[in-house]
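Please examine the structure shown below with attention to its open spaces and to its nonpolar interior. The paragraphs that follow treat the pockets and then the core.

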Amino acid sequence: MRDLGTAVHGLWKTLCRQVSPTVINDTDRHTILPLPHPFIVPGDRFRECYNWDSYWIIRGLLACDLVPAAECLVRNLLHLVDVWGFVPNGARQYYTNRSQPPLLSAMVLALWNVSNDDSLLDDALPLLVKQHRYWNAGNKAVRVRAGGQSKQEDDDGDGRDDRAGRSVKASHEGASEVFTLSRYHSDHYAPRPESFREDVQLAAMAGVSGREAALLFCDVASAAESGWDFSSRWFVGGDGLQYTRTTQIVPADLNAWLYRMERDIAAIAAQLGATQLQNEFMARASARLRGINAVMWSAADNCWHDLLLRESRGTMSSAPAQDTAFLFGNSVSSAESAVYDVELRSGVFASNWVPLWCGCAEPGSALAEAAVMGLQASGLVQPGGLLTSLYHSGEQWDAPNAWPPLVHMIIEAAVESGVTNGTALANQLADNWLHANMVAWQATGHMHEKYNGYVPGGIGRGGEYKPQVGFGWSNGVLMALLERKWKRAARET
């Protein structure tokens, strides 16, 4: 295992890039966005800096004591917020129609915890507030009310909603309360420039054109914004990519990440003595947490579920498929003033436990214990890692694939749950993952983008492109887990 760690440590220099001065001097002739510092790319076909990939790359760089490289990456992302108002999906012109999961504040604090450099926090704080605004305005903000729809039990008992929008049964203590949450919503109503042919073919397969095709393109781009491109998680009303309805879904993981972001901003403000801003974001975090636990938690299977938007009340009377600011060129939707009835989506996805990683359950609490029990019973933990879901859709963010970022979040969530069973589960999953990485490395000589959760060392499959190697976040997770393993061994000796 030490040999693997040494080899992967050596991969960082092969993944390091810097934008050429010719790009900076003539941006109109290039798709890559100018960045002020060197950066680490995922690898293979992914030759630019990516948004949420960077969190695990940074964790790996810090585990390798490559603090300057980690700081360069963080400052590049802060630069993108300064220019665009958010971190785009990736550092390409054609990615600026959407973002990716908001983990920038976690990156800043991970770096600060090592560097203790308050100048980083000074530079980051206004930009994090700016990024937060992006995720809580326009089409991304939704107001929801639990109840109002009869909650239907899962008919076949398999815990799955068959992508038709059936809900699991749950009791909502805040049923009469309206909560402001967030969803993925690109304002792009045309085929993705980087996948133009695939999107045109999808619309043809779905038999849609005009307005209906534009809405499908928006939902596909919004699924790409989620990082889960693509998955049965976003299917509504049928099985297949043509049923992608991302904008009708309020994701549990997105809102948990935003809760963590709000707490991060409050913590940074406190460190800098910005008391008013600290209090504002603690209040925002508290309100979001209440919404998450009131309308997304399911005591039936001990996890948090996504929500399905139903009819809205207020200024709008149409269903979400028709309300998504189809005002080409108008960035603000009347959806901001609508209040939606919601249903709790069922289905077993690794994202159901991301709120545990984000601190949505107090460590050692009954809620944390229940969440760990739900994870143990979910069927996701397998010899080759953590399944993304239990469903074999052919899409890459479903079974049998196991993705490094999900594995890492769930390991840390289980440890930080404060539950004895959580630590044991985390150790089991970490050992399984390290073994799987080692087996794949010995067989192929590569670190892979994704793996087969059922088969230790098996390579992941499915999706729009062939499996990739390199690989930024896989390397980062491996190095972070090796650091954890060696620290654990030192404590036990």
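In this predicted model, 30 residues line the largest pocket, and those nearest its centre are Tyr55, Arg59, Asn113, Glu412 and Glu416. Five helices each give two or more residues to this lining: α3 (53–63), α5 (104–115), α9 (252–271), α14 (404–416) and α16 (472–492). Among these, α16 provides the largest share, with 7 residues. The space in the largest pocket amounts to about 780 Å³. By class, its lining comprises 15 nonpolar, 4 polar and 11 charged residues.

The second largest pocket holds about 510 Å³ of space. Its lining also numbers 30 residues, of which Phe46, Tyr50, Tyr95, Asp229 and Tyr465 are the closest to the centre. Here the division is into 12 nonpolar, 6 polar and 12 charged residues.

Attention now turns from the pockets to the packed interior. Which residues have the most contacts inside the largest nonpolar core? They are Trp304 and Leu386, in a core of 150 residues. Helix α9 supplies the largest share of this core, 11 residues; α9 is also one of the elements that give two or more residues to the lining of the largest pocket.

The surroundings of Trp304 can be followed residue by residue. Leaving aside residues up to four places away in sequence, Trp304 touches Ala252, Ile292, Asn293, Met296, Trp297, Asn352, Pro355, Leu356, Cys360, Ala361, Leu367 and Ala371. Of these contacts, Ala252 belongs to α9 (252–271).

Terms used: Residues are numbered from 1 along each chain as its sequence is written. This is a predicted model: local features need pLDDT of at least 70, side-chain atom pairs count only at pLDDT 80 or more; totals for chains, interfaces and linings use all residues. Side-chain values use heavy atoms; hydrogens and water are left out. On a 1 Å grid over the protein atoms alone, a cavity is a set of points where a 1.4 Å probe fits but cannot get out, and a pocket is an open set with protein on both sides within 12 Å along at least five of seven lines; lining residues have an atom within 4 Å of a point. Grid points are joined across faces, edges and corners, and a volume is the space filled by probe spheres set on the points. Helices (H or I, at least four residues) and strands (E, at least two) are DSSP runs, numbered from the N terminus. Ala, Val, Leu, Ile, Met, Phe, Trp, Tyr, Cys and Pro count as nonpolar, Asp, Glu, Lys and Arg as charged, and the others, Gly among them, as polar. A nonpolar core is a set of buried Ala, Val, Leu, Ile, Met, Phe, Trp, Tyr and Cys residues joined through side-chain atoms within 4.5 Å. Buried means under 20% relative accessible area, exposed over 50%, partly exposed in between (1.4 Å probe, protein chains only). Contact means heavy atoms within 4.5 Å.
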